[in-house]
Amino acid sequence: MEKIFKGMENGPEAIDRNFAELVDPKRDQAFHDLKVDGRLSGKATREVVQMDFGPAIFWRFGPLVLMYVSVEYKNMYTSSWGYMGGFMVPAGYRPVEKTVVNVINNFKTTQATIDLNGALMATDSDYNSNTMLEIQGSWMTNDDYRI
């Protein structure tokens, strides 16, 4: 591969030679400096995000996101169209498609959805405001990691 820099006289020819080298079927494509030790690793993160109603815990392992929330329901509010106010999955954890999560409230299991923008939407109006509300879910994300 030939280094290309601004103002070089033979820039187009160097680009052509580099491209020809990349597409050459005889090109050596082996990894010569790769070492494998049997461990699978990747960037894993854990973040506690303070929402309007309390903390939400997010774990991320590559593109996989896990979420856990446990709050008193009285601290949350639900709009007439289902948005559970104060809850937005932050950038870095948003799902790639509309996602269903489990909601446990007053010993009853129901579901809620998380939209692509991260908004939590209630799918049931029978939440008991006197008990704890737990939300658990997992999904895939294409978001970049948070810095």
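Lys98 and Asp115 form a salt bridge in this predicted model, and their closest N and O atoms are 3.8 Å apart. The cut-off for such a contact is 4 Å between a side-chain nitrogen of Lys or Arg and a carboxyl oxygen of Asp or Glu, so this pair is counted. Lys98 sits in the loop between β4 and β5, while Asp115 sits in the loop between β6 (108-114) and β7 (119-122). The two residues are 17 residues apart and link distant parts of the chain. Lys98 is exposed, because its relative accessible area is 55% and exposed means over 50%. Asp115, at 22% relative accessibility, counts as partly exposed.

The count of salt bridges comes to three. They are listed here with their N to O distances.

| Salt bridge | Closest N to O distance |
|---|---|
| Glu2 and Arg17 | 2.7 Å |
| Asp143 and Arg94 | 3.0 Å |
| Lys98 and Asp115 | 3.8 Å |

Where in the chain do Asp143 and Arg94 lie? Asp143 is in the segment after β8 (132-140), and Arg94 is in the loop between β4 (83-88) and β5 (99-105). The positions are 49 residues apart in sequence, so the salt bridge ties together separate parts of the chain. Is Asp143 buried or exposed? Asp143 counts as buried, because its relative accessibility is 18% and the limit for buried is under 20%. Its partner Arg94 has 29% relative accessibility and counts as partly exposed.

The salt bridge between Glu2 and Arg17 has its closest N and O atoms 2.7 Å apart. Glu2 belongs to the segment before α1 (11-23), and Arg17 belongs to helix α1 itself. With their positions 15 residues apart in the numbering, this pair also links distant parts of the chain. Glu2 counts as partly exposed at 29% relative accessibility, and Arg17 counts as partly exposed at 41%.

The surface also has a nonpolar patch. Which residues make this nonpolar surface patch? Phe61, Leu64, Leu66, Val96 and Met140 make it, and its area is about 390 Å². One of these residues, Leu64, is placed in strand β3 (residues 64-72). Leu64 is partly exposed, with a relative accessible area of 31%. A residue needs over 30% relative accessible area to be part of a patch, so Leu64 passes this cut-off.

Note on methods:
Residues numbered from 1 in each chain as written. Predicted model: local features only at pLDDT ≥ 70, side-chain atom pairs only at ≥ 80, totals over all residues. Heavy atoms only, no water. Helix = DSSP H or I, 4+ residues; strand = E, 2+ residues; numbered from the N terminus. Buried < 20%, exposed > 50% of the residue type's maximum accessible area, 1.4 Å probe, protein only. Patch = residues over 30% accessible without salt bridge, like charges linked within 9 Å, V, L, I, M, F, W, Y side chains within 5 Å. Areas by Shrake-Rupley, 256 points an atom, 1.4 Å probe, with all protein chains shown as cover.
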